[in-house]
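Here is a friendly walk through one model, written for someone who likes to think in atoms and distances. Have a look at the structure first, and then we can go through it together.

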Amino acid sequence: MKSGWVDRDAEAAIAQFAKQNGAKSAIDRDLALRVYTTRLLGRDPKLVLRGGGNTSLKTRMRDLFGEDVEVLRVKSSGSDMAAIEPDGLPAVRLAPMRKLRALKAIDDEELVSIERANLIDPAAPNPSVEMMLHAFLPHKFIDHTHATAVLSVIDQPDGEKKSAEVFGGRLAFVPYLMPGFGLAKKAIEVFEASKPSDGLILSKHGIVTFGDTAREAYERMIEMVSRAEDFIARNRKAIAVAAPQSVPAVAQIAPLVRGVCAEKDDQVDGAWRRLVLEFRAGDIIRNFVDAKDVERLSQSGLITPDHTIRTKNWPLLLPPPERGKLADFARAARERAGKFAARYHAYFAQHNKRTGGIKHELDPLPRVVLVPGLGLFGLGRSKQDAVIAADIAEAWVEGVGDAEAIGRFESISEADMFDCEYWPLEQAKLGKRKELPLAGQVAAITGAAGAIGAATARVFAAAGAEVALLDVNLSAAREQANAVSATALPVECDVTDAASVTSAFDKIAAAFGGLDIVISNAGAAWQGRIGEVDEEILHKSFELNFYGHQRVAQAAVQIMLAQGTGGCLLFNVSKQAVNPGPNFGPYGIPKAAALALMRQYALDYGADGIRANAVNADRIRSGLLTPEMIAARAKARGLSEKDYMGGNLLGREVTADDVAQAFLHQALELKTTADVTTVDGGNIAAAMR
Ligand SMILES: [Zn+2]
């Protein structure tokens with residue numbers, strides 16, 4: 001591992017800080033460099049991941065009364081080191097924190113209250129849960145990481161011996177204690193007894209380095225991690241791997257995995273708690289999942305305690321899938337997922353009893369799934385959470401694999417894992433946001449670059465769904481996806497081409513693990529007097545306005561059946577389906593067939609929990625009804641454009657967003673199927689009967 005320190009960058013960080021804050025004292029310089037090296041540590045996933053790790057600086061500043069006080073600036077809890085700003089290092093009065101050392105123990109809530117009462121800025125975020133360790137140690141700069149290579153060396157039955165061998169006397173060894181006040185007291189005791197020059201090893205947890213300058217603490221971290229990497233490289237022995245076999249594609253396996261990792265909601269009939277998936281493969285992952293000893297390795301526990309809130313303590317290990325035997329795989333996967341949940345319930349019950357029976361059980365669903373022959377899945381209530389779980393799982397695979405390559409991996413005890421998983425200060429890192437109604441669900445929208453499609457993607461994403469935007473024009477879909485969310489997936493899809501539809505739905509299954517809602521919206525209008533129209537026109541319209549819906553619904557149903565958790569098919573049918581317009585047969589007739597298609601899906605798949613509904617919309621500004629067309633039609637009828645667009649019972653213009661809201665309503669109504677919702681401002685001739 002190489003030092004990322006560059007003098008020019010460090011000076012630039014100082015200059016930028018001076019520009020922002022209008023001062024350039026030694027104190028500012030220290031803080032600027034604290035931010036600079038914190039980012040250097042944060043950008044390397046081999047050192048810290050996703051809110052893990054922390055850094056601090058002891059300095060002076062003026063409080064709100066203008067008094068000069070000694071403070072600890074320490075990373076805030078759960079924040080990302082790679083993107084840290086000075087505000088991400090809240091300042092706490094140091095003297096009162098140090099006094100706490102005299103206490104034998106302190107309640108978590110009380111400790112947080114004391115910390116908050118001593119913040120210089122009362123609105124600052126909570127300091128790291130490892131803040132007391134930074135406060136008790138005397139050093140000006142302290143860096144703490146969960147470097148994977150260090151964990152491979154110390155997560156061993158003889159971790160202390162290996163630590164001495166690799167780091168010599170430069171790092172003192174602190175036995176495992178749960179992060180927090182107890183560990184901070186132990187760390188300072190060990191430091192005072194052995195006075196190591198460079199830092200501490202926290203058994204089964206991570207590494208601390210310190211220094212008089214930001215650069216010294218940082219480069220000691222890099223040097224120590226490099227020592228661990230060299231030791232692993234020198235002592236590595238190969239792990240036995242099973243012969244690779246013929247495995248199905250990720251797109252086929254993912255919906256089966258997602259289906260068995262969902263939980264029925266006991267309170268609401270038809271509702272599920274679902275997770276979104278993120279797939280990872282690569283040599284290190286494949287070597288792990290294909291290891292002959294994968295049963296033992298996979299169940300051997302965490303590499304560092306705070307991973308538990310993202311990955312739980314163990315992954316779900318599935319049997320190797322074989323091509324052509326998906327049903328066998330699905331059955332075995334369901335059985336193993338059932339055992340995983342049962343084990344989780346038992347683990348919770350046992351340790352909750354031990355700790356006073358006051359904890360509230362989290363869901364028993366896995367957050368990491370290993371599939372031999374294929375790779376691993378990270379799972380989460382959102383794509384972002386799934387990505388975080390997958391990032392941590394990758395580090396875990398590497399950490400455990402390397403530990404086994406130089407000895408035998410050993411984690412903390414199950415009781416210690418429980419104490420971290422259910423520690424309120426760890427859970428607080430995840431935040432207390434209220435879950436959105438479509439959290440955990442995946443929605444695909446066809447014709448997503450058009451006005452109604454784009455509005456629907458926005459509305460579903462705002463309701464918590466992960467969205468795939470399908471359009472024949474990929475760059476237009478990408479543009480809309482970028483405007484919707486960071487995780488929205490643009491997919492090229494021509495619904496008139498069966499192979500294009502199959503490929504698009506495979507991409508969705510591979511990207512999110514499956515699909516719960518499809519909004520079949522792509523369409524275009526053709527005109528012609530029905531007795532004289534060219535048959536070719538009718539064929540074209542049927543291809544898009546009927547077969548397009550059928551291909552999309554069929555592809556979606558395949559995924560939904562594989563998941564076994566129901567689903568929802570929504571069709572944009574248009575009022576033409578029930579209220580034909582003159583010379584509009586080539587458009588209205590396939591739309592009427594699409595309405596019948598919706599009812600057929602509702603009938604054939606109701607028993608599988610798959611609902612089918614349609615929206616009849618009319619007169620929406622879109623690619624079908626362009627400003628030029630509006631102007632021409634309004635003029636032809638002798639109306640203003642406003643009166644033309646509001647020509648309905650309510651006298652209100654209907655927008656793409658109104659249509660999107662109707663789709664959302666249908667997606668949320670779990671007891672509604674074979675329904676047509678009219679969104680046209682009121683038109684008796686087009687009313688359903
Ligand atoms: Zn830590």
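## Cysteines

A disulfide here is a pair of cysteine sulfur atoms within 2.5 Å. By that rule, this predicted model has zero disulfides.

Why does C568 form no such bond? The closest cysteine sulfur belongs to C493, and it sits 18 Å from the sulfur of C568, which is too far for a bond. C568 is also buried, at a relative accessible area of 2%. Another cysteine, C420, is buried as well, with a relative accessible area of 1%.

## The chain as a whole

Let us step back to the overall picture. The protein chain holds 25 helices and 20 strands, and its C-alpha trace spans about 95 × 65 × 50 Å along the principal axes. Of its 689 residues, 55% count as buried.

How much of the contact network links residues 24 or more positions apart? Among contacts in the protein chain with a separation of 6 or more, such pairs account for 72%.

## Surface and charge

The protein chain exposes about 29,200 Å². Carbon and sulfur atoms supply 52% of that area.

On the charge side, there are 82 positive and 87 negative charges in the protein chain. If you compute the mean position of each set, the two points are 1 Å apart.

## The zinc site

Which residues coordinate the zinc ion? The donors come from E130, H144, H146 and H205: E130 is listed with two OE entries, while each of the histidines uses NE2. The distances run from 2.1 to 2.7 Å. Along the chain, the donors follow the spacing E-x13-H-x1-H-x58-H.

E130 lies in the loop between α4 (108-117) and α5 (131-136), whereas H144 is in strand β4 (residues 141-145), so this pair ties together parts that are 14 residues apart in sequence. Are these two ligands buried or exposed? E130 is buried, with a relative accessible area of 8%, and H144 counts as buried at 1% relative accessibility.

## Around V676

Strand β20 (residues 675-679) contains V676, a buried residue with a relative accessible area of 13%. Which residues does V676 touch, once its neighbours within four places in sequence are set aside? Its contacts are L595, M598, A614, N616, Q666 and M688.

A C-alpha to C-alpha distance adds to this picture: V676 and N613 are 63 residues apart in sequence, yet 6.0 Å apart in space.

## Two positive phi angles

For backbone enthusiasts, two residues are worth a look. A674 is found in the loop between α25 (656-668) and β20. Its phi is near 60°, a positive value in a residue other than glycine. A674 is partly exposed, with a relative accessible area of 37%.

K195 lies in the loop between α8 (181-194) and β6 (199-202). Phi of K195 is near 45°, again a positive value in a residue other than glycine. Is K195 buried or exposed? K195 counts as exposed, at 55% relative accessibility.

Note on methods
Residues are numbered from 1 along each chain as its sequence is written. This is a predicted model: local features need pLDDT of at least 70, side-chain atom pairs count only at pLDDT 80 or more; totals for chains, interfaces and linings use all residues. Side-chain values use heavy atoms; hydrogens and water are left out. Helices (H or I, at least four residues) and strands (E, at least two) are DSSP runs, numbered from the N terminus. Buried means under 20% relative accessible area, exposed over 50%, partly exposed in between (1.4 Å probe, protein chains only). Contact means heavy atoms within 4.5 Å. Accessible areas come from the Shrake-Rupley method with a 1.4 Å probe; for residues, only the protein chains shown count as cover. Lys and Arg count as positive and Asp and Glu as negative; His and the chain ends are not counted. The place of a charge is taken as NZ of Lys, CZ of Arg, CG of Asp or CD of Glu. Donors are N, O and S atoms within 2.8 Å of the metal (3.2 Å for Na, K and Ca); water is not among the atoms, so sites may look incomplete.
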